[in-house]
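This briefing is meant for a reader who is new to the structure shown below. It is arranged by topic, with short points under each heading.

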There are 2 protein chains.
Amino acid sequence: MRRTQADIDLLFETLLPDPDDARRRLYRAMRHAAVGGGKRLRPLLVEACAGLFDVPRSSALRAGLAVECIHVHSLIHDDLPCMDDDDLRHGKPTVHRAYDEATAVLAGDALLAFGFEILSDPATHPSAEIRCELVRELAAAAGAGGMAGGQMLDLLASGGMPDLDSISRLQRLKTGALIGWCLEAGAIMGAAPAELRTGLRGYAQCLGLAFQIADDLLDNQGDEAKAGKRLRKDEDQGKATFVSLLGAERARRQADMLVEQAIAHLHAFGERSRLLREIVEFAVRRDR
Amino acid sequence: MRRTQADIDLLFETLLPDPDDARRRLYRAMRHAAVGGGKRLRPLLVEACAGLFDVPRSSALRAGLAVECIHVHSLIHDDLPCMDDDDLRHGKPTVHRAYDEATAVLAGDALLAFGFEILSDPATHPSAEIRCELVRELAAAAGAGGMAGGQMLDLLASGGMPDLDSISRLQRLKTGALIGWCLEAGAIMGAAPAELRTGLRGYAQCLGLAFQIADDLLDNQGDEAKAGKRLRKDEDQGKATFVSLLGAERARRQADMLVEQAIAHLHAFGERSRLLREIVEFAVRRDR
């Protein structure tokens, strides 16, 4: 995990150097958000899944970098005053606090475009067919039918009192779509047969939900200093979460059950899937 | 031109139907911005250039739709209160006025992703190699090194007193990068030889600059009702434009000269380039 974190940081630093004009403000804002602090769960997932099919690590790392661009893009825009209005992310000021709102909008936009630039580059994978499929799936996962659609549902959720079904649905889009892509990316690059893809999809769904429940538990019971961001915001805004709907104890049991289910989906891979098993355990037991 | 406008409108309507949940607010916001009103200059350029190489119109139209997604995305975000703070676009309320700021941020994001989804789809072109090149070039043109970088320069330009060189540079990124892509896209799909690409690049550069000068002239002398947006804002904010730097008379002569140069770059194509000639003439003589 530390190796992936270091490699992703280095790639962001290397591939986004300051230009020699005033655009450097934009590049600095992009690096401010992208370098350091993140768990890099998504790149790690791509790597772990690609590893099942002996995909070269350089391909997995670039695909992981691409999805991380999309993820960081969504964090920058999510933190904006008109969205969640957050001042702190990974223990640092958010982009619109460190720079300004307009720069934050542009930095998010530029990272979204950058993700597709990375992914479509021949350096990611020798097959254009595969790169193109990766792009198409990632664009679908990031757009109105996936992550952006989930964010829309999340914004509208503040008003009413959603039930467990609608929260699960919202999270399946908001965080689940990108997580699903990570496993799909490994399978695409590894030309995985259909029956193995079904297992990976099941794993991704359980992981995504378990991850979100763990997030809600941390939000409810965690330490702001350790988390590096403001906590208990959903609660203050009267937004339903898995914890508010289930209670902490049942939410934790639910997450544990999802971890078991996720691992069961990996059955066909045997010992090779150790990293994917460790990731889902980490995702639920982490403390930030 | 009217056929392209109608086809692009129809494609947006068809490919972005309301989902049967609360995400429909996002889809409506996207269609609000994307359907109707635009000149569709970029799709028309793709079509005209693709026509030089007998690329099927369906491919050109989908590539044109993709670049229009990126363009509309940039308009939605440009209009935000933290950017240009505009209330009117194409004679309609801007997205953040018709909906809200958060929805406008998400609608812009989702259209950016949608552009890449469209482009990478096999329906756009049978060759994955070509689709992938289109994606990579468009992502580069939209990102920090292109359009988003130009917008950053534009935001910072309000302060100082830029000269003609830095304004040309800013516009070459802010509007020129996408316009350049349109011609490049036709050339890529048409497998154009290198010497013809050089001419097309020259044409795109002259067109981009002429288009921007015409925009500045309209902004300075045009009619707000006809333009469907607020005019003379740069002037009010003390931002330099081609007109403020050159005066209206010299700016107009400069635009005319660029039209001639653009047309000269089409020399090698002879009579086949009539549509591209008409486009550059329209771009400068339009009244909105």
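In this predicted model, a search of the whole structure gives three aromatic pairs over all chains. One of them is formed by Phe116(A) and Phe116(B), a stacked pair with 4.8 Å from centre to centre and 25 degrees between the planes. The points below take up this pair and another, then the cysteines, one helix of chain A, the relation of the two chains and one arginine.

**Aromatic pairs**

- The stacked pair crosses between chains: Phe116(A) belongs to helix H6 (residues 101-120) of chain A, and Phe116(B) to helix H6 (residues 101-120) of chain B.
- Phe116(A) counts as buried because its relative accessibility is 0%, and Phe116(B) is likewise buried, with a relative accessible area of 0%.
- Phe53(B) and Phe269(B) make an edge-to-face pair, with centres 6.0 Å apart and 85 degrees between the planes.
- This pair joins distant parts of the chain, as Phe53(B) and Phe269(B) are 216 residues apart.
- Phe53(B) sits in the loop between helix H3 (41-52) and helix H4 (57-78) of chain B, while Phe269(B) sits in the loop between helix H15 (248-264) and helix H16 (274-285) of chain B.
- Phe53(B) and Phe269(B) are both buried.

**Cysteines**

- How many disulfides are there over all chains? The count comes to zero.
- A disulfide is a covalent bond that joins the sulfur atoms of two cysteines.
- For Cys49(A), the closest cysteine sulfur is that of Cys182(A), at 9.2 Å; a disulfide would need the sulfur atoms within 2.5 Å, so this is too far for a bond.
- For Cys206(B), the closest cysteine sulfur is in Cys49(B), 15 Å away, which is also too far for a bond.
- Cys49(A) is buried, at 0% relative accessibility, and Cys206(B) counts as buried at 8%.

**Helix H10 of chain A**

- Helix H10 (residues 176-189) of chain A has 14 residues.
- From its first C-alpha to its last, H10(A) reaches 20 Å, close to the 20 Å expected at 1.5 Å a residue.
- H10(A) is mostly covered, with 13 of its 14 residues buried.
- Ala191(A), just after H10(A), takes a positive phi of about 45 degrees.

**The two chains together**

- A turn of 180 degrees and a shift of 0.0 Å along the axis lay chain B on chain A, with an RMSD of 0.0 Å.
- This is the relation of a two-fold axis.
- The contact involves 47 residues from chain B and 47 residues from chain A.
- Because 100% of the interface residues of chain B are also interface residues in chain A, the copies meet through the same surface.
- Between them, chain B and chain A bury about 4,000 Å², of which 74% is on carbon and sulfur atoms.
- On the side of chain B, Arg23(B), Leu106(B) and Met152(B) lose the most area to chain A, together 15% of what that side buries.

**Arg197 of chain B**

- Arg197(B) lies in helix H11 (residues 194-221) of chain B.
- Is Arg197(B) buried or exposed? Arg197(B) is buried, because its relative accessible area of 17% falls under the 20% cut-off.
- Apart from neighbours within four places in sequence, Arg197(B) is in contact with Glu133(B), Glu184(B), Ala187(B), Ile188(B), Ala191(B) and Ala192(B).

Definitions and conventions. Residues numbered from 1 in each chain as written. Chains lettered and ligands numbered in written order. Predicted model: local features only at pLDDT ≥ 70, side-chain atom pairs only at ≥ 80, totals over all residues. Heavy atoms only, no water. Phe/Tyr/Trp six-rings, centres within 6.5 Å; stacked < 30°, edge-to-face > 60°. Helix = DSSP H or I, 4+ residues; strand = E, 2+ residues; numbered from the N terminus. Buried < 20%, exposed > 50% of the residue type's maximum accessible area, 1.4 Å probe, protein only. Expected span 1.5 Å × (residues − 1). Least-squares fit on C-alpha atoms with pLDDT ≥ 70 in both. Contact = heavy atoms within 4.5 Å. Buried area = accessible area lost by both parts, 1.4 Å probe.
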